[in-house]
Amino acid sequence: MSGETDIVDSQVQLPQDLGDDVVQEVLKTGMDLRQYSEQIEEELKEVENKSIQDYIKESQNIVNLHNQITACDNILEKMESMLMCFQKDLGSISSEILSLQRKSVAMSQQLSNRQSIRKPLSQFIENMTVSEALIIGIMDCSVMEKEFLTQLQILNYKINFVREQSSKAKSCIDVKDILEKLKVKAMTKIRSYLIEQIYRFRKPMANYQILQNNMLKYKFFYEFILANEDNVAYEIREEYIDTMSKIYYSYFKAYSSKLMKLQFEEKPTKDDLMGIEDTARHSIFHKTTLKHRGTVFSINTRDAVLTTELEASIIVPLTASNIRYHYEALFRSEQYAVVDNACREYLFLTEFFKVSGNEAMKIFNKVMEKTLNLMAKNLQSFVDDCYDTIALFLCLHLVMRYQLTCHKRAVPALDEYWANLTDIIRPRFDFIFRQNIQSIKNCDPLKFSKETGPHYITRRYAEFSAAMVSILEGFPCEDTTQLLAELREVVQFFLLRMAAIFSNRIDQLIFLINNYDLVLSVLMERTRDNSKEAESFREQLNARSSEYVEAVLNQYFGGIIQLIKESENLIEKNQDEDLKRQDSEALTLVQLFTNTWKCSLKGINDEILRSFPNLVIGNALVQRAMTQLVQYYNRLHKILPPNARAQLTNIHHIMIEVKKYKTNY
């Protein structure tokens, strides 16, 4: 049994791949496997027979299906053939597309190249084309018409273009001849017009400024001629230079001649130097002599030519025939006319004739040379016998200011002219200035009367130095400053020599103070108070004022002042014994002071005011003397012994009395 069981087990394990359900059924029934196998084979045969019967029954359908499959194979074969052809066609189309793409890129590049060349080529053709409007505009239009100027600019452009392209483009030959004819025609018309305009300058009473402005409107005419024909441009320029040179010379010659007739007939001479004696005939300040002219050394309002009148309208001789002027006023008018005309002329030349730098200077000098030489010659004739130092100095500063004016207008063309005028004026100015200095050195103090009031030379110097310093404040000049310093020293030395003719020191001091005060007053009135002249005379005035106050006080209170100084000296040396010996003298002086101080104060006041005609300096000296006296009185109080101190007048009484002499001057 065990062996059978093993066989069964082994047989059971073999057909596991046939399915668990079948195996399980066989095992449950205990069926013999061989029998079961035979059964299965029979079933299979039966099924096979049935299948054969079914195939036989469906044979026709199978044939039909076979035919259909064969037909489908044929169709698919045709489709395959068609698709292969289509694939070949697609391959050729792709090649064509690539070819077309390459052609498209080439055509696109060609189009781009043509478009890029189209504008320059069109512009080139346009530049080469001579239009009918251009021909009519140049040939038929008047030069005054706007159309002519427009077409002339077009013609100039075409001429320059053809000139540049003639070596590159043969087509230039086709238009070169007609452009040349149009150029000749245009130049002929322009030359006639410009020459005609220049001739209009020569007409009497012609306003050449208006004519110049009119020519500037057509400045392109000359530019066209200059670019195309140098000879014609040179002819027009020389014609203009010759015309304007004569016009300016004629105008300024007539104007200067008429202008100089308005000058004062009386002029300063060599007898009008600062140190020349002040006689009735040559009095610098005598009203009858100078009825129609200002003083030689006083500037008054003459310096207005440097300020308010510097750029005022020029003097018109016809309307000012009854008025007389100092030379500097006429010089200002004349030079301002030069500045105005020369600056305008220079700017016209540079703009119209298209020149600059040295070329502009050459043309300007040709136009203005004769006129400027005439101006310099006229100035030289005045300077040669001039003794009016202030006029020369004002003219010098007018030259400097007008040169600055020209620079502000961007016109350097007159620099040489201004330098020439300076070279004419400066030597004469220095000469006359030194003549004035020498005239003071040559003065003999003994020939003058002994008067303590301001000397006429001092008065002249005060006015003159104030005039010089006030002008120099705006435009400093080292040479003139040095001359003023020399003059100041000479005048101060002259005043010391004049003071020496007085035997009394107080008279000497009065003379010096009066003269120093006059100079300082004039300087302070017309200049800044920090000028070297003002500082020098202020220092001298203070020193002499202190000395004078001391001298006056010594006249009235000499004993008291001497006692104070001696006692202070003894106290400083600790000499008490010698100091006690002065007690009796101190008592006497105190008693004398108590009895006379009021009268002395009045005497000091009267004497000072009588000695100084200028109440301002007189009152200042009175106050200075009173202040000094109070200071001495305080010092006296300190040195006196107790018994003498008790007899002193109360300081408050003295102060009250002193205040009575204080004025409001």
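Me: A residue is buried under 20% relative accessible area, exposed over 50%, and partly exposed in between. In this predicted model, why is D430 called partly exposed?

Reply: D430 has a relative accessibility of 23%. Because partly exposed covers the range between 20% and 50%, D430 counts as partly exposed.

Me: What makes R426 buried or exposed?

Reply: The relative accessibility of R426 is 14%. Buried means under 20%, so R426 counts as buried.

Me: How do you know that D430 and R426 form a salt bridge?

Reply: Their side chains meet at 3.2 Å, N to O. The cut-off is a side-chain nitrogen of Lys or Arg within 4 Å of a carboxyl oxygen of Asp or Glu, so the pair qualifies as a salt bridge. D430 and R426 are 4 residues apart in helix α14, which means that about one helical turn separates them.

Me: How many salt bridges does the structure hold, and what makes E351 and K219 one of the pairs?

Reply: There are 22 salt bridges in the structure. In the pair of E351 and K219, the closest N and O atoms are 2.9 Å apart, and this lies within 4 Å. The pair links distant parts of the chain, with E351 in helix α11 (residues 327-352) and K219 in helix α9 (residues 219-228), 132 residues apart.

Me: Why do E351 and K219 count as partly exposed?

Reply: E351 has a relative accessibility of 34% and K219 a relative accessible area of 27%. Both values fall between 20% and 50%, so the term partly exposed applies to both residues.

Me: What makes the contact of E223 with K354 a salt bridge, and where do its partners lie?

Reply: The closest N and O atoms of E223 and K354 are 4.0 Å apart, and the cut-off is within 4 Å. E223 belongs to helix α9, while K354 lies in the loop between α11 and α12 (357-384), so that distant parts of the chain, 131 residues apart, are linked. At 33% relative accessible area E223 is partly exposed, and K354 is partly exposed at 39%.

Me: Why is the pair of F448 and F494 called edge-to-face?

Reply: A search of the whole structure finds 33 aromatic pairs. In the pair of F448 and F494, the ring centres are 6.2 Å apart and the planes stand at 85°. Centres must lie within 6.5 Å, and an angle over 60 degrees counts as edge-to-face, so both conditions are met. F448 lies in the loop between α14 (415-441) and α15 (456-472) and F494 in helix α16 (residues 478-499), so the pair ties together parts that are 46 residues apart in sequence. Both F448 and F494 are buried.

Me: What makes the pair of F502 and F511 tilted?

Reply: The centres of F502 and F511 are 5.7 Å apart, with 40° between the planes. Stacked requires under 30 degrees and edge-to-face over 60, so an angle of 40° leaves the term tilted. F502 and F511 are both buried.

Me: Why is E41 called partly exposed, and which surface patch includes E41?

Reply: E41, in helix α3 (residues 33-57), has a relative accessible area of 46%. Since 46% lies between 20% and 50%, E41 is partly exposed. D32, E38, E41, E42 and E43 form a negative surface patch. Patches are made of residues with over 30% relative accessible area, so the value of E41 meets that condition.

Terms used:
Residues are numbered from 1 along each chain as its sequence is written. This is a predicted model: local features need pLDDT of at least 70, side-chain atom pairs count only at pLDDT 80 or more; totals for chains, interfaces and linings use all residues. Side-chain values use heavy atoms; hydrogens and water are left out. Patches are made of residues with over 30% relative accessible area and no salt bridge: like charges are joined within 9 Å, nonpolar side chains (Val, Leu, Ile, Met, Phe, Trp, Tyr) within 5 Å. Accessible areas come from the Shrake-Rupley method with a 1.4 Å probe; for residues, only the protein chains shown count as cover. Lys and Arg count as positive and Asp and Glu as negative; His and the chain ends are not counted. The place of a charge is taken as NZ of Lys, CZ of Arg, CG of Asp or CD of Glu. Helices (H or I, at least four residues) and strands (E, at least two) are DSSP runs, numbered from the N terminus. Buried means under 20% relative accessible area, exposed over 50%, partly exposed in between (1.4 Å probe, protein chains only). Rings of Phe, Tyr and Trp (its six-membered ring) pair if their centres lie within 6.5 Å; planes under 30 degrees apart count as stacked, over 60 as edge-to-face and the rest as tilted.
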